[in-house]
Number of protein chains: 2
Amino acid sequence: MNLKELATQLGLSPTTVSRALNGYPEVNEATRERVMAAAKRSNYRPNTRAIRLATGRALAVGHVIPIATRHEIVNPIFADFIAGAGETYSRNGYDMLLSVVADETEETTYRELKLRGAVDGVIVHSPRREDPRIALLNDIGLPFVVHGRASGSALPYNWVDVNNRRAFHRATEFLLDLGHLRIALINGLEYMDFALRRRSGYVDALAARGIAADARLMTSDQMTEVAGFQAAQAMLATADPPTAFLVASMISAMGVRRAIEAAGLVMGRDVSVIIHDDDLSYLKNGDAVPIFTATRSSVREAGRLVAEMLLDVIATAPTAPTHRLLEAELIIGQSTGPAPGRG
Amino acid sequence: MNLKELATQLGLSPTTVSRALNGYPEVNEATRERVMAAAKRSNYRPNTRAIRLATGRALAVGHVIPIATRHEIVNPIFADFIAGAGETYSRNGYDMLLSVVADETEETTYRELKLRGAVDGVIVHSPRREDPRIALLNDIGLPFVVHGRASGSALPYNWVDVNNRRAFHRATEFLLDLGHLRIALINGLEYMDFALRRRSGYVDALAARGIAADARLMTSDQMTEVAGFQAAQAMLATADPPTAFLVASMISAMGVRRAIEAAGLVMGRDVSVIIHDDDLSYLKNGDAVPIFTATRSSVREAGRLVAEMLLDVIATAPTAPTHRLLEAELIIGQSTGPAPGRG
DNA sequence: GAATCATCTCAAACCGCTTTGGATGCTTCA
DNA sequence: TGAAGCATCCAAAGCGGTTTGAGATGATTC
C-alpha cells in the first residue's frame, strides 16, 4: 500500500493525500479526516526510503563507536547510554544508526556518513583531549553533540557532560574530612578527557589541604576489574599503603575490593573506597544502602539529554553552541569510614 | 557531486557511469577505469537514500532491543554482541539500525520496520520460551536470525546459540567430581530460553548421579550483582548451605563472591563457584589465571556469526533454516576446589 | 453581473539512483 | 555482400514520496 494507491482508492490526488497526512493547512478538515481514516484502515506507512530521498533528510542519527584496535574494549557504559538516546529517537521518529569501526578508520566513517547522506547528525563518544573529531565534523559540516568535553579544543561545540572535576573534588574532600591522608586514585585512561578532569579535581582538593599528590598513589588504566585489582594490590603491598581509594568506575572498584580482601583487610573499615557510579542498569550499586560510597550520575539520562540536544541542533541549526553540565550527587554507602586510628 | 554531474563531466550517460561503478560487464574496460578514476578524484559516493529507493533494498539490518518496563535493565552482553555484529555489517556495507523500545511496543516496532521498508532483516535478541516474535516475523515476512533459541516454537527458524545445556551439564559434573553434593544454581530469569536450558543441564547432571535437585538451592532472577548477593547470602545462611554455586553470569558471581566473603568464607576453598563467562571485553575473567572457573563462550563472536548468517539469509533467501550451535569451553580458574572435608 | 479572493485540489517536476529496452557501429561468417 | 552477432553506450521509465505552480470552485465584494 503506497501513497498512489491510497489516493486513487480515495479518489484524490497523491498531493492532497500527502498534505492531509502531513498536516498542511491547505486541505479541508473533512477531507483530512477521511484520508486519515483510510490510511489507518489500510495500515498505510509512508516508505521511509522515499521520504528520505524526497526531503533530503536522513531522519537518522549516527553513533560512531570506535573500537581501539590495541585493546578491543567496548565501553561498558555504552549499552545504557544507547538505551537512553534510543528512547529519545523513538519518540521523535528518528532512526539510530550504529557504526562500529576500528578507531583508525573513524575519520573516513564520518566522511562517508556525510557523503552518503546516511545521517542528519552524529553523537561523539568518549572525547579525548584536543579531540580531532571536533575540527573534522565542523569541517565536513555534520551537526554533532559531544558526550563529554574535549579540553583544549580551539573550536566551540555542543556538549553534555558531568561535572567530573567537581565530583572528584568533593569525593576527595569527603575522604580528607574522614581523616584519610593517603588517598589513591585509580583513574581511567588519562588521554580521555573525563579522566583528566577527575584527576584535576582530586589533585586540587589535596592541594587545598596542603597535600601534594603522590605519583605512587595514582594510576591510569583501562577501567576493568583486573586492572583495578592489580593497581590496588600493588599499592597495598607498599610500605606506606593508601587508606582510601578513589576509583573511576564500579567495575574497577570490584577489582579494588578483591585486592583489599585478598590483603586480609575489610573495605569500609580498614580501607575506604569511593567510586564514580554511572548508575548502569545492570550494575546497580546495591539497593537501599549502596555498597560503595559514590559520586553518581546516570549515563542513561545523559544519553537522553545528548540525543535531545542533537535533534534540537538538527531542527533549528543554532549558531551558538549549547552546553549542559550535569552535577553528580555524592551518595554515602558502606565502603567509607574514618581513617584507621581516627575511629 | 552526484551521478548526473559526474556523467556530464565525463561526457557519458548516467547509465554507463552507474554500470561502470557497479561492475556490470557491458562497459568497456577503458571507460570503466576512466569513470573509476574520476569518481575517486571527485570523491564521489552514491547517495544511499537514492540507492535504497531505486533498488528497494534497505541495506540495513535492524536490532530491536526491548527494555522490560518493569525492570529497566539493558542486557550487559549487549555492547559486546553489537560490536561483533557491527564489524560484520561494516565489512559488508550494511547499516545497523537500533531500536530501543518498551517491550510492549516491540511487535508494532517490527511491523513498522517492515512497512516503512527500513531494514532488510532483523536480529532477535533474548528469545524466550515459545517466543511470539518467531511467528510474528514469519507472518510479516521479515528475514531474521535469533540469537539463542526459543524452545517450543512450532515454526522453524534460523538461530545461532551456545550449547547452554551441555555447558551447565559439564560444569555440574565437574563440581560433582570434586565431591560437592550441595550445588546451588543462581540462574537467570527462567522465562529466558538460555536459563531454561542451563537449568535442565544442571538438573540432569545431578539426576545422573542420583541427586534430586533441591528447590531451595535454585534461584532464578535478574543477573545483577545485587541479586547474586542476596540469593547466595540467603542460601549460605541456611542450616544446610551449599558448598558450590553455579552462577549464570560474571556479574551475578561478583555478588555471590561478596556474599561468600561476607559470611567469612573463602571462595575456592570453602565454597566453589563456576560461572558462565560471556567473555565480555570490559569484564574479563582475570588474565593468565582466570578468577572464576567458567564455561566460556564469546558473545562478541556470536554477534559476528549471527550477523553473517542474517546477511546470508537476506542475500540467498534459503528455504531451509540454518542453525549454528557453539560449544562453550570449560576453563579452570581459582574459584573451585574439592568439597570441604574431601581435600 | 463582473471582479476579487479564499479555499481546496491537482498535474507535473523533482530527489538521485537503477534498470529495461533499444540504438549504434563494428566484426564475423556464410 | 548481407545478415547475424557482439561490444558499447544511451534515453527514458521507474522507485514512492514531497513540493511548486496553477486551476477550479464557490463565496464575497463592488
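Which elements each supply at least two residues of the surface near DNA strand C? They are helix 2 and helix 4 of chain A together with helix 2 and helix 4 of chain B. Helices here are DSSP runs (H or I, at least four residues), strands are runs of E with at least two, and both are numbered from the N terminus. A residue counts as near a strand if one of its heavy atoms lies within 4 Å of it.

Before I continue, a word on conventions. This is a predicted model, in which local features need pLDDT of at least 70 and side-chain atom pairs count only at pLDDT 80 or more, while totals for chains, interfaces and linings use all residues. Residues are numbered from 1 along each chain as its sequence is written, chains are lettered from A and ligands numbered from 1 in the order in which they are written, and side-chain values use heavy atoms, with hydrogens and water left out.

Let me stay with DNA strand C. It is surrounded by 26 residues, the closest being A:Thr15, A:Glu26, B:Leu3, B:Ser18 and B:Arg19. Helix 4 of chain B contributes the largest share of this surface, 4 residues. Of the strand C atoms within 4 Å of the protein, 60% belong to sugar or phosphate and the rest to bases. Three polar approaches deserve mention, a polar contact being a pair of N or O atoms within 3.5 Å; within protein, one must be able to donate a hydrogen and the other to accept it, and residues adjacent in sequence count only if both atoms are side-chain atoms. The side chain of A:Thr15 places an N or O atom 2.7 Å from a base nitrogen of DNA strand C. For A:Thr16, a side-chain N or O atom is 2.9 Å from a phosphate oxygen of that strand. A:Ala54 uses a backbone N or O atom, 3.4 Å from a base oxygen.

I turn to DNA strand D. Of the 26 residues around it, A:Leu3, A:Ser18, A:Arg19, A:Tyr24 and B:Arg19 come nearest. Here helix 4 of chain A gives the most, with 4 residues. A phosphate oxygen of DNA strand D is 2.4 Å from a side-chain N or O atom of A:Ser18, and another such distance, to the side chain of B:Thr31, is 3.0 Å. In B:Ala54, a backbone N or O atom lies 3.5 Å from a base oxygen of DNA strand D.

The remaining topic is the protein–protein interface. Chain A and chain B each bring 53 residues to the contact, where contact means heavy atoms within 4.5 Å. The buried area is about 4800 Å², with 57% given by carbon and sulfur atoms; this is the accessible area (1.4 Å probe) that the two parts lose on being put together, summed over both. Of the area that chain A buries against chain B, A:Arg49, A:Arg116 and A:Tyr282 supply 16%, more than any other three residues.

Between the chains there are 6 salt bridges, defined by a side-chain nitrogen of Lys or Arg within 4 Å of a carboxyl oxygen of Asp or Glu. One of them joins B:Glu112 to A:Arg45, with the closest N and O atoms 2.6 Å apart.

Finally, strand 2 of chain A and strand 2 of chain B (residues 95–102) run antiparallel and are joined by 3 bridges; pairing requires that DSSP find at least two bridges between two strands. Within this pairing, A:Met96 stands opposite B:Leu98.
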